[in-house]
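Me: I would like to go through this structure by question and answer, with the cut-offs behind each term stated as we go. Please show the model before we start.

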Amino acid sequence: MLYREAGDFKTSYPEDSQTFPIAFDRWRYWAVLAIAFLVIPFVINDYWASSLMVPFLIYAIAAIGLNILTGYCGQVSLGTGGFMAVGAYACYKLMTAFPDVNIVFHVLLAGGITAAVGAAFGLPSLRIKGFYLAVATLAAQFFLVWLFNKVAWFYNYSASGQINAPERFIFGTAVTGPSAPAWAQYLVCLVFVTFCAVLARNLTRGSLGRSWMAIRDMDIAAEIIGVNPLKAKLTAFAVSSFFIGISGALFFAVYLGAVEAGDSFGITKSFLVLFMVILGGLGSIFGSFAGAAFLVILPVFLKIIGVDVLGWPTEMVAHLQLVIVGALIMFFLIKEPHGLAQLWRLAKEKLRLWPFPY
Amino acid sequence: MLDEGYVTADGRQIGGVMMDMRGITLRFGGVEAIKNISFDIREGEIRAIIGPNGAGKSSMLNVISGFYNPQEGEVWFHGKRRPPMKPFQVARQGIARTFQNIALFEGMTVLDNVMTGRLTQMKSGMLAQAIWKGKAEREETANREVVEKIIDFLEIQAIRKTPVGRLPYGLKKRVELARALAAEPKLLLLDEPMAGMNVEEKEDMSRFILDVNDEFGTTIALIEHDMGVVMDLSDRVVVMDYGRKIGDGTPDEVRNNQEVIDAYLGVAHD
Amino acid sequence: MSADFLYGIEVIINGLMAGVLYALVALGFVLIFKASGIFNYAQGVMALFAALTLVGVMEGQVPFSHVINAVFGTEIHHFGWEVPALLAIFVTLMVMVLFAWLVQQLVFRHLVGQEPIILFMATIGLAYFLEGVGDLMWGSEIKTLALGLPQGGSLVVEDWTAGLGGDDFYGFFIDKLDMVATLVAIVLVAGLIGFAQYTKQGRAMRAVADDHQAALSVGISLNFIWVLVWSLAGLVALVAGVMWGAKSGVQFSLSLIALKALPVLMLGGFTSIPGAIVGGLIIGVGEKLFEYMIGPMVGGATENWFAYVLALIFLVFRPQGLFGEKIIERV
């Protein structure tokens, strides 16, 4: 049955507040998970993994992270690239310092370290609001990237200034390093995405999530009804940075393999993730996926159409992409500030009532 | 009037002093918004603060709710002197409020808005919430039950899942009251709960205020411009003018106070 | 006077001149922010775009030529003429006015009344858009801006000051272009302040800055004022683009000066013209001095972040900036 709400009564509060209250949505959710876990790993090849699936999953984690800070708690950050760098370098230091520990713990711990750094840079948010804060987070962006470029300890004094991911295994299969098979890279990222998405959903549905949203919608009123702004903002910074750190660690260890802070985690990365959140939908976890998918697919799509089919110069297509992304950002902010997720929700609201809209 | 309280005209027993404001003075730069004002609020009573525009009523409420810290004077709550506090700490002591210009969280549904009122009562930690199943979910359900009772009480069941941004003004005021009530406050502060309402909505709101006081035994302090409403609802009235207190007593006493008539009611009746 | 001390002074003088240029870019931000509450991240890209357009017009480049060539398979590049500098500057200015009008009509008209942070994000979108358009229009290779501005160190100053510090000191090294830029910036700032204070449009602009509703009610066209301020910001962008373009070539990095102007604004307050100037000078001197004194100890290139961290620390203690008004929160 496609979409049905009338007659689908809930008899308990937990049932009413579950993630997918409509049965059809629940089915689709399990179907997507089943395909992602049981079908795609068997059919995926190197091209699909490296140009679409793996970056999509990793950016989705970063977008979820930024969405918690910006979409749920209302604090705009332009420091995402810097925090991803923290995750990457923390993961690298851990991988090389404790080679016997499983990579999964390294990635999680890298997230934890990033959370601490993020909370530290979130401290000024108590005094500074709005775009003052956005600009202040640029301090994090530039300072962190500079730090990782200049302090040789972070890249283990390697001559190139790069960090290279050594080969690491999960259940006997390489997941990092040049010989890691595509399906393993994909599966590792998928597990982390699923973990992060469930975590984010749980954290945003309860009292913590409500205190974030209260701060976002009206910080003064939130404080007067009993939200401790220090705690709310710092937890948002910490949780957000935790996810962003994980995505940075995966971006380095699983996806790229070799990283130089300025190239991979510059200010453009911050904007890219911010755009994913805006296009996908502020304050929506589904939107984080949609935005990440959109901005990962768009360049691939444009390259296929522009370069391969029409034969235009690569450089021109890249510029065209800037124009399109910029125009889309403005268009969405004007027409649909809640992004792709809202378009989806509106379509669903119509479907729920279909065929009797009145 | 004895220290142990008094009995109102309609036979309600009013208790001892809950909140005692002693010699409060509040300045913004060179401007004195409140000048050396003292008054008290007793357990179970409906206390009104009235006065012309700019008299300092809202500032007074902001002092009580901890949003402004007065330069001089002491705030005593439940027989203890309250040190300067942040607003959220005051809220945790059991003081909730509504706002003159509605301050709801526009991006959230009615239900979520009212649930934010429970934030002071919800204690499960970040880890428990991240896991959700178990402690956090139980807590959510228990608090949801409390909130649903208040939603029933204020008759806003039908708009539970509506985003607040889409509601008309009168309903928003009611949702705001629901959010304040959800905290199960000992003291409820209402800043012009009936501003901008028509007669019917005012009657509804008056009924809710009386019911809250009656059923939950909540102490209420309110600011209101509608004299008829104030005189009907409140047990005792403080009158402010230009930051000074010019009258304090039962509605009848205030009505017959010459200074009040001159400064306030007299002008209004010209 | 010891040579070290004199080199320190040289660093300060150069810092002051760099600061003037930061202030110039920051001024473009302040203009738009005061009148419309929009924090225009695209200011830097506007400077790049203006400089690209100026070069393109002077050299008689055909706009979008390589797009046309790629799509239609043609081989056009130049009109075959060269435009004198003054005329080209005028044409560029017209392009910037047209741009201002388009931006107002197509984008920000539809965002009136939105939260500042949404407007800010829209200007980030605008920056990407404009950067793409600029590259498509004029190509993205590095261009030189041949306006005939003086280049290189000023020998006059060097000779004149050489005697100050004994044998170790060879005189202040001061770039002639920086001196010209400083002069131009001072003239432009004076002009803008004069415009805002003494002309009818300037008064209307200040009225809008104070209160949109009130300005509307006395018959000021908000739309006109907003196009006006975007045009003025375009003018400031053009001047900034010319100065920076002449210094280091017209290329993408030029748009990054906007990022430098941000901490200037945080320091000076977003609504204050004197704040932008003083903030610019502080940042200019501060980052040069920091790099000169502390830089060698930590590996250099501290200019990348010094301004931000300074602004950040400063803001924590004074959130409204140097000259901003104190914020009284109300409910």
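Me: In which loop does Val218(C) lie, and is Val218(C) buried or exposed?
Reply: This is a predicted model, in which local features need pLDDT of at least 70 and side-chain atom pairs count only at pLDDT 80 or more, while totals for chains, interfaces and linings use all residues. Residues are numbered from 1 along each chain as its sequence is written, and chains are lettered from A and ligands numbered from 1 in the order in which they are written. Val218(C) lies in the loop between helix 9 (212-217) and helix 10 (222-248) of chain C, where helices (H or I, at least four residues) and strands (E, at least two) are DSSP runs numbered from the N terminus. A residue is buried if 20 or more other C-beta atoms, placed from the backbone, lie within 10 Å of its own, exposed if 12 or fewer, and partly exposed in between, so with 8 C-beta neighbours inside 10 Å Val218(C) counts as exposed.

Me: What separates the C-alpha atoms of Val218(C) and Met266(C)?
Reply: Along the chain, Val218(C) and Met266(C) are 48 residues apart. In space, the separation of their C-alpha atoms is 33 Å.

Me: How far apart are the end C-alpha atoms of residues 264-285 of chain C?
Reply: UniProt, in an unreviewed entry, lists residues 264-285 of chain C under "transmembrane region", and residues 179-199 are also among the spans listed; its positions are given in the numbering used here, feature names are shortened, and annotations may be inferred rather than shown by experiment. Residues 179-199 of chain C are 95% helix and 0% strand, with end C-alpha atoms 29 Å apart. For residues 264-285 of chain C the content is 82% helix and 0% strand, and the end C-alpha atoms lie at a separation of 12 Å.

Me: Which helix of chain A gives the largest share of the side that touches chain C?
Reply: The contact takes 37 residues from chain A and 40 residues from chain C, two residues being in contact if their C-beta atoms, placed from the backbone, lie within 7 Å. On the side of chain A, the residues divide into 31 nonpolar, three polar and three charged, with Ala, Val, Leu, Ile, Met, Phe, Trp, Tyr, Cys and Pro counted as nonpolar, Asp, Glu, Lys and Arg as charged, and the others, Gly among them, as polar. The largest share there, 13 residues, comes from helix 14 of chain A.

Me: Which helix of chain A gives the most to the side that touches chain B?
Reply: Here 25 residues of chain A are in contact with 34 residues of chain B. By class, this side of chain A has twelve nonpolar, nine polar and four charged residues. Elements giving two or more residues include helix 7 (182-205) and helix 8 (207-217) of chain A, and the most, eight residues, comes from helix 8 of chain A.

Me: Why is strand 5 of chain B largely enclosed by the rest of the structure?
Reply: On one side of strand 5 of chain B, Ile46(B), Ala48(B) and Ile50(B) are buried, and on the other Arg47(B) and Ile49(B) are buried too. The strand is largely enclosed because, of its five residues (46-50), the number buried is five.

Me: Which residue of strand 11 of chain B stands opposite Ile49(B)?
Reply: Strand 5 of chain B runs parallel to strand 10 (residues 219-223) of chain B, joined by four bridges, and the bridge partner of Arg47(B) in strand 10 is Ala221(B); two strands pair if DSSP finds at least two bridges between them. Strand 5 also pairs in the parallel sense with strand 11 (residues 236-241) of chain B over four bridges. In strand 11 of chain B, the residue opposite Ile49(B) is Val238(B).

Me: Which strands of chain B stand at the edges of the open sheet?
Reply: The open sheet has six strands in the order 8-9-10-5-11-12 (chain B), with mixed pairing. Two of these strands have a single partner strand each, so one side of each is left without a neighbour in the sheet. The edge strands are strand 8 (95-97) and strand 12 (244-249) of chain B.
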